[in-house]
Amino acid sequence: MKIRLLAGLLTLGLVAGCGGATVETSPGSSAPASGSSAGSAGTVKIAINPWVGYEASANVVAYLLKHELNYDVELPEIKEQLAWEGFETGDVDVIIENWGHPDLKKQFIEEKKVAQEAGSTGNKGVIGWYIPKWMVDEYPDITDYKNLNKYADLFKTSESGGKGQLLFGDPSYVSNEEALIKNLKLDYKVVVGGSEAALIKSAQQAQEQKKPLLFYFWDPHWLFSKTELVRVKLPPYTEGCDADPKKVACDYPEMDLDKIVSTKFAQTGGKAYELIRNFHWTNEDQNAVADDMTNGGLTGEEAAKKWIEANPDKWKAWIPQ
């Protein structure tokens, strides 16, 4: 969720914590189809980016494509940057949850014209720095970034080189952290945890065991309903304050998350394209499916089916007539 920075198109294996039964196990997604099966309306390729909220959206849309419109669906695991490249190569039809990416929109929509916007998902996305609530109870002024240096020693780890640790997730996530630390003159070092799962586990342990933790995270996410976390106040976002990646000294903006599709799919996708354009739900909807995938022991397809059976009035409005 987040802007990913990797080069070359690569379809990845499943990453622990992107979804599935528990944070520690590999995710369960709908089984990909190889080509269109007999009687199929066609095949839709929805990229899966590495966080469970994205998977929740993708699995609900995939379930409806298969069971309501008779499409085959492929769900290749692809990092964000690479998924955009897939519009050009034909490996991707749909990015179901896009977090901003003005640079990629300019490149692939405006210049190369191989992709198009397909409307809002309805989800509001925010990236930020968080700490467990017990730390705020004990150190009330710690949520102001101006006081972080005072508490840097609390966050030191064996990996942070004598500085406070700011724990990060998947290396491909959008990140202004290095610039923020430098430009706000913070005595901290970014330490890459490696995955969404690592962030979740660290956050849960930090609150339960009263361990100091400063970490990168995002909303919407089911974790906020399970673990008490508080966002650190960075300098407020203003229009253009993040225009130069090297000079960023402000917080992340709230984003209206949207869907991106290949131009070819927009032109030839028929009812599948119409369904994806119509797909629109809330943060609460996404969190319910993501929670079932991560904590409820359900595969992506099972979690999607559960939500669909419980919310017919919502999804029936998405189905093209």
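Which strand pairs with S9 in the antiparallel sense over 3 bridges? I looked this up before anything else. The partner is strand S3, residues 94-98. I kept in mind that this is a predicted model.

**Entry 1: strand S9**

I stayed with S9 and checked its bridges in turn. On the S3 side, Ile 95 stands opposite Ile 260 of S9. I then looked for S4. S4 and S9 also run antiparallel, and 6 bridges join them. One pair I noted there is Ser 120 with Asp 258, the latter in S9.

Next I asked how enclosed S9 is. The strand covers residues 255-262, and 7 of its 8 residues are buried, so S9 is largely enclosed by the rest of the structure. I reminded myself that side chains in a regular strand alternate between the two faces of the sheet.

**Entry 2: helix H6**

I moved to H6, residues 196-208. The helix has 13 residues. From first C-alpha to last I read 18 Å, close to the 18 Å expected at 1.5 Å a residue.

I checked both ends. At the start, a side-chain oxygen of Ser 195 comes to within 3.3 Å of the backbone nitrogen of Ala 197. After the helix comes Lys 210, with a positive phi near 55°.

Which residues of H6 are buried? I listed Glu 196, Ala 197, Leu 199, Ile 200, Ala 203, Ala 206 and Gln 207. I then looked up what these buried residues pack against. Two helices came up, H1 (52-67) and H4 (133-138). The strands are S4 (115-132), S5 (164-168), S7 (215-219) and S8 (229-231). S4 thus turned up in both entries: it packs against the buried residues of H6, and it is joined to S9.

**Entry 3: Gln 207**

Is Gln 207 buried or exposed? Its relative accessible area is 18%. The cut-off for buried is under 20%, so Gln 207 counts as buried.

What does Gln 207 touch, leaving aside neighbours within four places in sequence? I found Pro 132, Lys 133 and Trp 134. Thr 227 and Glu 228 are also in contact with Gln 207.

**Entry 4: the whole chain**

I finished with the totals. The chain has 11 helices and 9 strands. Of its 321 residues, 56% count as buried. I also looked at contacts with a separation of 6 or more. Residues 24 or more positions apart account for 75% of them. The exposed area of the chain is about 13,600 Å², and carbon and sulfur atoms supply 49% of that area.

Conventions: Residues numbered from 1 in each chain as written. Predicted model: local features only at pLDDT ≥ 70, side-chain atom pairs only at ≥ 80, totals over all residues. Heavy atoms only, no water. Helix = DSSP H or I, 4+ residues; strand = E, 2+ residues; numbered from the N terminus. Buried < 20%, exposed > 50% of the residue type's maximum accessible area, 1.4 Å probe, protein only. Contact = heavy atoms within 4.5 Å. Areas by Shrake-Rupley, 256 points an atom, 1.4 Å probe, with all protein chains shown as cover. Expected span 1.5 Å × (residues − 1). Polar contact = N/O pair within 3.5 Å; in protein donor to acceptor, adjacent residues only side chain to side chain. Pairing = 2+ DSSP bridges.
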